[in-house]
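Q: I'm new to this one and would like to go through it step by step. Can you put it up?

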Amino acid sequence: MRILSVVGRAYYGQPHAIEPMYLQFRLPLQAMGHHVDHFDHMRITKETGPAACGEQFVRAVRAGGYNVVLYQTAGRDQMARDAIPQAARYAPIVAWNSDDDWQWDSYTRHITPLFTFSVTTYPHVYESQRREFPNLLLSQWGALDTYSDYEREKDLDFTFAGQVYKNRVPELRALWRRAGLQVRGMGSLRIRCAPLNHRGFRDAAAKLFPSINRAMAFQEVHEIWNRSKISYTPLGASVNPSQLQIKGRIFEMGLSGTMMLCQDSPAIERYYECGKEFISFGDLDECIDKVRHYLSNEADRRRIAEAYYRRTTREHLWEHRWNRLFEDIGLGAVAQTKVA
């Protein structure tokens, strides 16, 4: 098939780091034998404005002969809205929405009618909204094997790799002090320092420690997972920690050989078996007890990590997600791709 991937390339606008969706919406599709073109709506809008971006988008879809267009919504408009239904006259456009658990009402529901299909990764949103929005589909994040290394020596005990939102600081700091958690990524200075509320101090610290206080490249995050015996996996949304999410790391880590340790969440048990393919905890005391147990019992840790890896390989690759999506939108016969 011919596919247009409409997704930003720069992660949080930082050129050194590639947006994971830029890879996920190209590499597995190319490996499946599809031709994939890229349209960076975030960069184009920044450079030319939403109206000009929309005009370029319509021209690209009209001239491209695409079977499908995959569109990253990113929680805000990236082009003039009327460009989307105009382009949909030439190819079906599938929106992929990242944070519907907290922005469905404020944003996604208002743009969903613009698209041929709109994907949510939250089952409760799908079940409650699919009658009002018949073009709404349910899918999920997946695993990309480009940077994973299951066989890599696990020389890091207990880690977290990712952005340290302000509301994550208390738990991460407690785990650093009591369980030796190693924290890498933007905001990690907050764990070792007093709260960085003074902007001058924060800016000075960022200049002194740029390598540990910036958004990590996707490859760097995978490198931490590949080396980690246990990966701490907070599930709370950045805007509301009590609202548990399923994000891409749940599946991406599965190919690395690490053991996932996360909060109790029935949603994750739709995809993995607790106690056999990952470990969960109810509070930080239980989390610390389990860290100590599995660091002292390598055979148990390795068994769970291997089961996590096998389930991910069998069911949760991006190739699985794309094949299912193409079937759901009526392109299964055109895609003609099988995943072992």
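A: Here it is, as a predicted model. A place to start is Q245, which is buried, with a relative accessible area of 8%.

Q: Why does Q245 count as buried?
A: Its relative accessible area is 8%, and buried means under 20%, so Q245 falls in that class.

Q: Where does Q245 sit along the chain?
A: Q245 is in a loop, the one that runs between β11 (228–233) and α12 (249–252).

Q: And which residues is Q245 in contact with?
A: Setting aside neighbours within four places in sequence, Q245 is in contact with D99, D101, W102, Y122, L235, G236 and A237. With D101 there is also a polar contact between the side chains, at 3.1 Å.

Q: OK, another residue. Where is K154 found?
A: K154 is in a loop too, between β8 (136–138) and β9 (156–161).

Q: Is K154 buried or exposed?
A: Buried. K154 has 14% relative accessibility, and the limit for buried is under 20%.

Q: Which backbone oxygens lie by polar atoms of the K154 side chain?
A: Those of Y150 and R152. The backbone oxygen of R152 is 2.7 Å from a polar atom of the K154 side chain. For the backbone oxygen of Y150, the distance to a polar atom of that side chain is 3.1 Å.

Q: What does K154 touch beyond four places away in sequence?
A: K154 touches D149, N226, R227, S228, K229, S256, G257, T258 and R301.

Q: How far apart are K154 and W225?
A: In sequence, K154 and W225 are 71 residues apart. In space the C-alpha to C-alpha distance is 8.9 Å.

Q: Let's zoom out. How many helices and strands does the protein have?
A: There are 16 helices and 13 strands. The protein has 340 residues, and 52% of them are buried.

Q: What share of the contacts join residues at least 24 apart?
A: 67%, counted among contacts between residues at least 6 apart in sequence.

Q: What about nonpolar cores, how many residues are in the largest?
A: The largest nonpolar core has 47 residues. Those with the most contacts inside that core are V68, L70, I268, W322, F326 and I329. A second, separate core has 22 residues, including Y66, A83, Y107 and F115.

Q: Switching to empty space. How many cavities of 30 Å³ or more turn up?
A: A search of the whole structure finds 1. The volume of the largest cavity is about 70 Å³.

Q: Which residues line the largest cavity?
A: The lining consists of Y71, T73, R76, D77, Q78, M79, R81, I84, Y107, I111, L114 and F115. By class, 7 are nonpolar, 2 polar and 3 charged. Two names return here: Y107 and F115 line the cavity and also belong to the second core.

Q: And the second largest pocket, what is its volume?
A: About 300 Å³. β8 and α15 (318–328) are the elements that give two or more residues to its lining. α15 gives the most, with 4 residues.

Q: Which residues line that second largest pocket?
A: Y126, L137, L138, S139, Q140, R270, Y271, H320, R321, R324 and D328. They divide into 4 nonpolar, 3 polar and 4 charged residues.

How values were computed: Residues numbered from 1 in each chain as written. Predicted model: local features only at pLDDT ≥ 70, side-chain atom pairs only at ≥ 80, totals over all residues. Heavy atoms only, no water. Core = buried A, V, L, I, M, F, W, Y, C linked by side-chain atoms within 4.5 Å. Buried < 20%, exposed > 50% of the residue type's maximum accessible area, 1.4 Å probe, protein only. Contact = heavy atoms within 4.5 Å. Polar contact = N/O pair within 3.5 Å; in protein donor to acceptor, adjacent residues only side chain to side chain. 1 Å grid on protein atoms, 1.4 Å probe; cavity = no way out; pocket = protein on both sides within 12 Å on 5 of 7 lines; lining within 4 Å. Points joined across faces, edges and corners; volume = space filled by probe spheres on them. Nonpolar A, V, L, I, M, F, W, Y, C, P; charged D, E, K, R; others polar.
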